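User: Please show me how to read the main features of this model, beginning with its surface.

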Amino acid sequence: IYAKRDQYAGEMDKLREELERVQVKNQSHSSEGALSSLEDDRDNQMNQLREQRDRAEKENKEKKELHDRELAEYKMKIHTSESEVEKLQVRLDRSYAEKDKIEAKLEFSLSELGEIKAEVDKSQGDQNI
């Protein structure tokens with residue numbers, strides 16, 4: 001009986017050791033699984049952050065391109081306006097020059113008219129005598 005008991009006790013010890021090994025192995029697998037799960041979560045978060053960064057960079061690029069286009073259009077409008085102002089200034093200068101010529105002709109004509117009137121008045125005065 002004692003021999004059998006010792007035999008069973010030995011087998012029980014071996015089974016306990018095997019059970020402990022299996023439990024330790026399961027714990028390490030469980031830890032590895034948890035670690036693997038954490039790594040997967042980290043990878044997913046990193047991928048999401050990359051996607052967010054890429055979207056933000058794309059949006060910034062699009063905003064910059066829009067800003068550059070608007071700036072180029074604005075510069076073209078300024079250039080066009082400056083060109084129009086120059087044309088109008090040339091027309092204004094020509095108009096002033098033409099006005100000055102007309103005023104000079106008017107003064108000359110008035111002067112001639114005054115001279116002619118004086119001659120007419122003189123000849124009428126001579127005829128009355």
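**Surface, helix and salt bridges**

Analyst: The accessible surface of the protein chain is about 12,500 Å², and carbon and sulfur atoms account for 54% of that area. Accessible areas come from the Shrake-Rupley method with a 1.4 Å probe, and for residues only the protein chains shown count as cover. The model is predicted: local features need pLDDT of at least 70, side-chain atom pairs count only at pLDDT 80 or more, and totals for chains, interfaces and linings use all residues. Residues are numbered from 1 along each chain as its sequence is written, and side-chain values use heavy atoms, with hydrogens and water left out.

User: What does the secondary structure of the protein chain come to?

Analyst: Helices (H or I, at least four residues) and strands (E, at least two) are DSSP runs, numbered from the N terminus. Here there are one helix and zero strands; helix α1 covers residues 2-128.

User: How should a salt bridge be read, and how many does a search of the whole structure find?

Analyst: Side chains of opposite charge can pair when their charged atoms come close. The criterion is a side-chain nitrogen of Lys or Arg within 4 Å of a carboxyl oxygen of Asp or Glu. The search finds seven. One of them joins K64 and D68, with the closest N and O atoms 2.9 Å apart. Because K64 and D68 are four residues apart in helix α1, about one helical turn separates them. Salt bridges with shared partners also link R53, D54 and E57 into one network, including the R53 to E57 contact at 3.9 Å, N to O.
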